[in-house]
Structures are given as C-alpha cells and as structure tokens.
Amino acid sequence: MSKVAVVYWSGTGNTEAMAEAVAKGAREAGASVDVASVSDFDSSRIASYDGVALGCPAMGAESLEDGEFEPFWESVKGELAGKKLALFGSYGWGDGEWMRKWEEDAGDIVGSYICLDAPGADEEAECKALGEKLA
C-alpha cells in the first residue's frame with residue numbers, strides 16, 4: 001500500500017475542498033493518506049511518503065501564496081525526487097499561469113488540476129481522479 005500526503009494552503013476553503021477530494025480518490029485507490037494544511041505539516045516527514053499532492057490557489061498576479069506555501073514549496077521541492085507528485089489549486093482570475101509556472105518548477109509530475117472558484121461535482125471528480133493517479 002502506498003502512503004500519500006495531501007498538503008495544501010487555502011484562504012477561502014476552495015483548495016481545502018479540493019484537497020479532501022484528492023485524498024478521497026487516493027484512499028479509494030488503496031493508499032494510506034494523511035491530509036494537512038501547510039501550517040500543520042512537518043516538512044521533515046516528506047521522506048516517509050511515496051506520493052505527495054500539493055495544493056495552493058493562485059494569489060495576486062497568479063503566484064503561489066507567499067506567506068506560508070511558497071516557503072514550504074522551496075524547502076521541500078528538492079526532497080521530492082523519486083516520489084509521485086501531483087499539484088492542484090483554485091483560481092478566480094487569469095488563465096492558470098501560476099500552475100504552468102509551478103508545473104515547470106516541479107518537473108516530473110503525475111498530473112495537475114486547477115479549478116475556477118469553488119469546486120462542484122465535476123471538479124471534485126477530477127480531483128478524485130488526480131488522487132487515484134497519485135496512489
């Protein structure tokens with residue numbers, strides 16, 4: 001059984017809802033899953049996971065949240081080599097540029113998904129599918 005961490009930052013609850021759907025998909029695919037907000041996750045635990053899903057909404061001019069999430073990302077991205085990695089997040093403007101930049105920075109990922117505003121049933125299904133890929 002694979003072990004997956006779903007770590008996210010959410011300002012409005014949209015990315016948190018996506019994180020729960022990603023986790024549900026990974027669990028249904030047989031993985032053991034831990035879900036945590038970035039402020040509650042000890043980055044030294046990354047080594048104990050087979051797969052990691054990271055979620056962050058677009059902020060400002062389509063960038064990662066810079067108070068907690070971006071410093072976390074910078075601290076763990078070097079430790080993700082050899083692990084399955086998925087990215088997700090929500091946005092309310094723009095065209096998803098922040099995700100394209102993040103994907104490029106991340107390198108080899110199993111997939112990513114972005115959601116305009118709050119996730120509905122279709123978006124939750126896409127997030128579950130991302131979790132299944134990660135598992």
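**Reading Ser2 and helix H4**

Tutor: Let's start with a polar contact: the side chain of Ser2 reaches the backbone oxygen of Ala135 at 3.1 Å. The term means a pair of N or O atoms within 3.5 Å; within protein, one must be able to donate a hydrogen and the other to accept it, and residues adjacent in sequence count only if both atoms are side-chain atoms. This is a predicted model, where local features need pLDDT of at least 70, side-chain atom pairs count only at pLDDT 80 or more, and totals for chains, interfaces and linings use all residues. Residues are numbered from 1 along each chain as its sequence is written, and side-chain values use heavy atoms, leaving out hydrogens and water.

Student: Is Ser2 buried or exposed?

Tutor: Buried means under 20% relative accessible area, exposed over 50%, and partly exposed in between (1.4 Å probe, protein chains only). Ser2 counts as buried because its relative accessibility is 16%.

Student: Which residues does Ser2 touch?

Tutor: Contact means heavy atoms within 4.5 Å. Leaving aside residues up to four places away in sequence, Ser2 touches Ala31, Ser32, Asp50 and Ala135.

Student: Now helix H4: which of its residues are buried?

Tutor: Helices are DSSP runs (H or I, at least four residues), as are strands (E, at least two), numbered from the N terminus. In H4, Cys127, Leu130, Gly131 and Leu134 are buried. They line one face of the helix, because they fall within an arc of 100° seen down its axis, taken from the directions from the helix axis to the C-beta atoms.

Student: What lies on the other side of H4?

Tutor: There, Ala121, Asp122 and Lys133 are exposed. The cover over the buried residues of H4 includes S1, H1, S3, S4 and S5.
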